[in-house]
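Reader: I would like to go through this model with you and ask how each label was earned. Shall we start once it is on screen?

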Amino acid sequence: MSGKVSLEERVARARAAQKQFEFATQEQADAACRAILKVVFDNAEKFGPMAADETRMGSRQDKIAKCRNKSALIWNDLKDKKSCGIIRRIPEKKMVEIAKPVGVVASIIPSTNPVVTPMSNGAYALKTRNAIIFSPHPRAVECTNLLAGLFRDELKKLGLPEDLIQVVDEVSIEASAELMAACDLVIATGGNDMVKSAYSSGKPAIGVGQGNVQTIIDEDADIAKAVGDIIVGRSFDNGLICLGEQCIHAPESKMDEVIAELKKQGGFVVEKEEDVDKLREVCFPGGGAFSRTCVGNTAAQVAEQAGIQGVPEDTRVLAAVVSGTGAADVLCREKLCPVIGILPYKTFEEGVAHMVANLEYEGKGHSVGVHSNNNEHVEYAAIQCSVSRVIVNQPSGTTGGGSPTNGFTPTTTLGCGSWGNNSFAGNLSYEQFMNVTRVGWPYEESYLPDPNTVW
């Protein structure tokens, strides 16, 4: 993709390429989809560190794992799915469903996932015979361009139009808005302003809401396992994952045990009130927006920025008991670094009410974690919390986006429903990238409901 090309020309090329691809067979679409995912799998050791270095956030090793695991999980989920031609026959309704592409997709890439987001969106687009144009984050232009170049090489090997994959030359808010208005479907992953822009583009848009994952430990839970899972989810990729646990809601009777396990398993519990205040201020200066200088830093780096002494270099998370729910304490908000709040509760119902209060303040619609062996309690939390995902007895940060341990659809993009001002609630996949034509034949015997019995 050498030489600058105008946005109008990019879109024109994408439309021409998509027209050639529009009636590709399932085998051709699957080959293209697989190739995109395999490129990232094969080059995980290259792209993981590159993404961390260019964006200056996150963990090199965790990004390698993310590249390798997400690519394999997504292909394993997609490879047997029908996305071309007749995808479903419903004999009892005398209907047939036919999948068709949407056209050209605009994909807005976040700084937190400059490799796996274009990988997954590109795979979904090709699986459904669309073209896609990436708008990279300013902090990941080199990474996204190199990745797209490899994608194009794979398409060429398959005898498919390279322009099914493109990257815009100008990286700006205005250019992204122009791209979104020019394409047929918008997938926007980024901050609230970007998502609002997507929904204002005049085109069908899928944006994602803010995370602020609350997790509750029940009285009957295995405390050591629950705390271990939470640390895994909170610390992965230095806390960049929107699914990462943000607050632990623990029984008052088990607080000492929870804090002891946090310390035992690599956490550092900030106990001096003046240090907790320092932690609040470094994360949310003046009580405002989350500090950009903390995004994707290690726990030790955050502690150093805050001026908190005695935090070992290998600390996995910083934890602190918070003073209240919602607006009462900024540490109840989403923190894009390995910092987690702890809130005690007297009864499970009170703990869930605390989760609800935090979600109402920030992160409604996303996800919660529940560590419990009581299914009634799990279902109670699921009913009470307005979220799209409830992750049970697992690390939320590494499994809510799909995992060998559960049935969530593998993805990198998580919808939050109307609660999060999103158009869908669930895990993004290829189904959102296609139109469906439904064909209906008449029943052999038509009928109207008997008015004497229907009511």
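Reader: What makes strands 1, 2 and 17 an open sheet, and what is the pairing?

Author: In this predicted model, the three strands follow the order 1-2-17 with antiparallel pairing. Strand 1 (85-90) and strand 17 (434-440) each pair on one side only, and they are the edge strands. From one strand to the next, the twist averages 25°.

Reader: How do you know that strand 2 and strand 17 pair?

Author: Two strands pair if there are at least two bridges between them. Seven bridges join strand 2 (residues 95-101) to strand 17, so the pairing criterion is met. As an example, Lys100 has Asn435 in strand 17 as its bridge partner.

Reader: Now the helices. Why are helix 3 and helix 6 called roughly antiparallel?

Author: Helix 3 (residues 44-55) and helix 6 (residues 141-157) pack at an angle of about 155°, with their axes 9 Å apart. Angles over 145 degrees count as roughly antiparallel, and therefore this pair gets that label.

Reader: Which residues make that contact, and of what class are they?

Author: From helix 3 come Lys46, Phe47, Met50, Ala51 and Glu54, which meet Val141, Glu142, Cys143, Leu146, Leu147 and Leu150 of helix 6. By class, the contact of helix 3 with helix 6 has eight nonpolar, three charged and no polar residues.

Reader: And what makes helix 4 and helix 5 roughly parallel?

Author: The axes of helix 4 (residues 60-78) and helix 5 (residues 116-127) cross at roughly 15° and come within 10 Å. The cut-off for roughly parallel is under 35 degrees, so helix 4 is roughly parallel to helix 5. Their crossing is right-handed. Helix 4 brings Lys66, Cys67, Lys70, Ser71, Ile74 and Leu78 to the contact, and they meet Val116, Met119, Ser120, Tyr124 and Lys127 in helix 5. The residues of this contact divide into six nonpolar, two polar and three charged.

Reader: Why is Arg129 called buried?

Author: Buried means under 20% relative accessible area. Arg129 has 6%, so the label buried applies. Arg129 is found in the loop between helix 5 and strand 4 (131-135), and its phi is near 65°, a positive value in a residue other than glycine.

Reader: How do you know whether Asn421 is buried or exposed?

Author: Exposed means over 50%. The relative accessibility of Asn421 is 63%, so Asn421 counts as exposed. Asn421 sits in the loop between strand 15 (414-416) and strand 16 (425-427), and its phi is positive, near 60°, in a residue other than glycine.

Terms used: Residues are numbered from 1 along each chain as its sequence is written. This is a predicted model: local features need pLDDT of at least 70, side-chain atom pairs count only at pLDDT 80 or more; totals for chains, interfaces and linings use all residues. Side-chain values use heavy atoms; hydrogens and water are left out. Axes are lines fitted to C-alpha atoms, for helices over the stretch in contact, and angles run from 0 to 180 degrees between N-to-C directions. Helices (H or I, at least four residues) and strands (E, at least two) are DSSP runs, numbered from the N terminus. Angles under 35 degrees count as roughly parallel, over 145 as roughly antiparallel, 65 to 115 as roughly perpendicular and the rest as oblique. Contact means heavy atoms within 4.5 Å. Ala, Val, Leu, Ile, Met, Phe, Trp, Tyr, Cys and Pro count as nonpolar, Asp, Glu, Lys and Arg as charged, and the others, Gly among them, as polar. A crossing is left-handed if the near helix is turned anticlockwise from the far one by less than a right angle, and right-handed if clockwise. Buried means under 20% relative accessible area, exposed over 50%, partly exposed in between (1.4 Å probe, protein chains only).
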